[in-house]
Amino acid sequence: MSHAAVLAATAAAAPVRALYLHVPFCASRCRYCDFATSATRAGDPVMPAYAAALARIVAEARGRGLTAAVRTAYVGGGTPSLLPARDLAGLIGSVALSGSVEELSFEANPESLSDDLIAVAREAGATRVSIGVQSFDDRELAALGRIHDSKRAAAALGAAVASGLAASVDLMCGIPYQTPASWEHSLVCALDLGASHVSCYPLIIEEGTAMERLCEAGRLPWPDDDDEASYMEAARRRLAAGGLARYEVASYAAPGRACEHNIAYWTGEPYLGLGTAAASMLEREGYEALRAAAPSLPAPAASTARVRLTVASGPAEVARAHAIADLAFEVEELDAREAAAEDLMLGLRMARGISPGILARARREIPAAPLDAAIGWALETGLASWMGTGAGARLAPTELGWLMGNELYGRFWGLAADE
């Protein structure tokens, strides 16, 4: 067999289609944050050691053929742009060698996204940057505990667009002191500065965060659910007028600019996550391939069809790792019915809805009566509708379904077991 044929066969059998790397370092911790991150001083030696260790582990995964079919990759955080430029470039470069990567994203915060870092990331293989702007209003940024201002956010986004990277921004609604006018201003700024992708998220006050303590003490107002729903609807209208269409419950993109990595998460594609708190979703065969690299992972039960894993190693432990086997994992096993219900739930986050293939899998694994009852309920309540006809029809969320997503997703995840 020729070398090209060997590579093609390896890619066809590879268990992973998407790769995620988590960088858990931030310059400071935002008031609302409950992610697996920590404030890390500039020059802390743990950062380059961590990046080098992740690059080694990615190289091992590549050598074992685990990532031969990877199409999308995402370096997230935390704040990957806080890494020294050389170390970020090395990490991105290691990913670029995995499979046939068509989209390679990295996250950045405005205060650490310099022109030099953008150039280095592009040269290493990055195609896309996602910038954590959150707001273009300085009072709102201060309420969130962000350390950049609106001027720096605009400069970072403008530089990313000028570089040729596909530029995405995150915006948040329901922020203390936010008004319909200031929300509109943030949306317009993102469009005017050339963002081709915008993700909009309602502020959620998580337990144990600084934001919760401030709201409990009356120093900041609690978010209002009705206001947040109104802001999300305003985002849909404004972004649509700017040429960005919603393709996922929280994400809008110009034609051809949807984040393929995010789509992989919602459409049942297997993905591998490496780094502190990084999550993976592997079908049984993929999990067995990972176990060959990390023999301490438990053998799956006979009924297991899918495995979800989370890296349990902290940043210092990852920084000392030389191989996948050096990482600790938390493991959750799903049977075929649970996997099918999960795919239905996640598919309903997408504007294009549940694919015929995923629906066919569900019909094989979930009894007809509860599945048909859930579909009927979604149609009768107006939370979903059929797109297309015949074998190619997709069950997709309606506008009401977007607004009542928790009810819609919960009903379909409930199909994982008899109730």
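A charge sits over a ring if NZ of Lys or CZ of Arg is within 6 Å of the ring centre and within 35 degrees of the ring normal. Two arginines meet that rule here, as the table shows.

| Arginine | Ring | Distance from ring centre |
|---|---|---|
| Arg139 | Tyr177 | 3.7 Å |
| Arg349 | Trp266 | 4.1 Å |

This is a predicted model, where local features need pLDDT of at least 70, side-chain atom pairs count only at pLDDT 80 or more, and totals for chains, interfaces and linings use all residues. Residues are numbered from 1 along each chain as its sequence is written, and side-chain values use heavy atoms, with hydrogens and water left out.

Next, the aromatic pairs. Rings of Phe, Tyr and Trp (its six-membered ring) pair if their centres lie within 6.5 Å; planes under 30 degrees apart are stacked, over 60 edge-to-face, the rest tilted. The count is five pairs. One of them joins Phe25 and Tyr50: the centres are 5.1 Å apart and the planes stand at 80 degrees, so the pair is edge-to-face. Phe25 belongs to strand S2 (residues 25–26) and Tyr50 to helix H2 (residues 46–63), so the pair ties together parts 25 residues apart in sequence. Helices (H or I, at least four residues) and strands (E, at least two) are DSSP runs, numbered from the N terminus. Phe25 and Tyr50 are both buried, meaning under 20% relative accessible area (1.4 Å probe, protein chains only).

Tyr265 and Tyr271 also pair edge-to-face, at 4.6 Å centre to centre and 65 degrees between the planes. Both tyrosines are buried. With Trp266, Tyr265 and Tyr271 form one aromatic cluster.

Note on methods
Buried means under 20% relative accessible area, exposed over 50%, partly exposed in between (1.4 Å probe, protein chains only).
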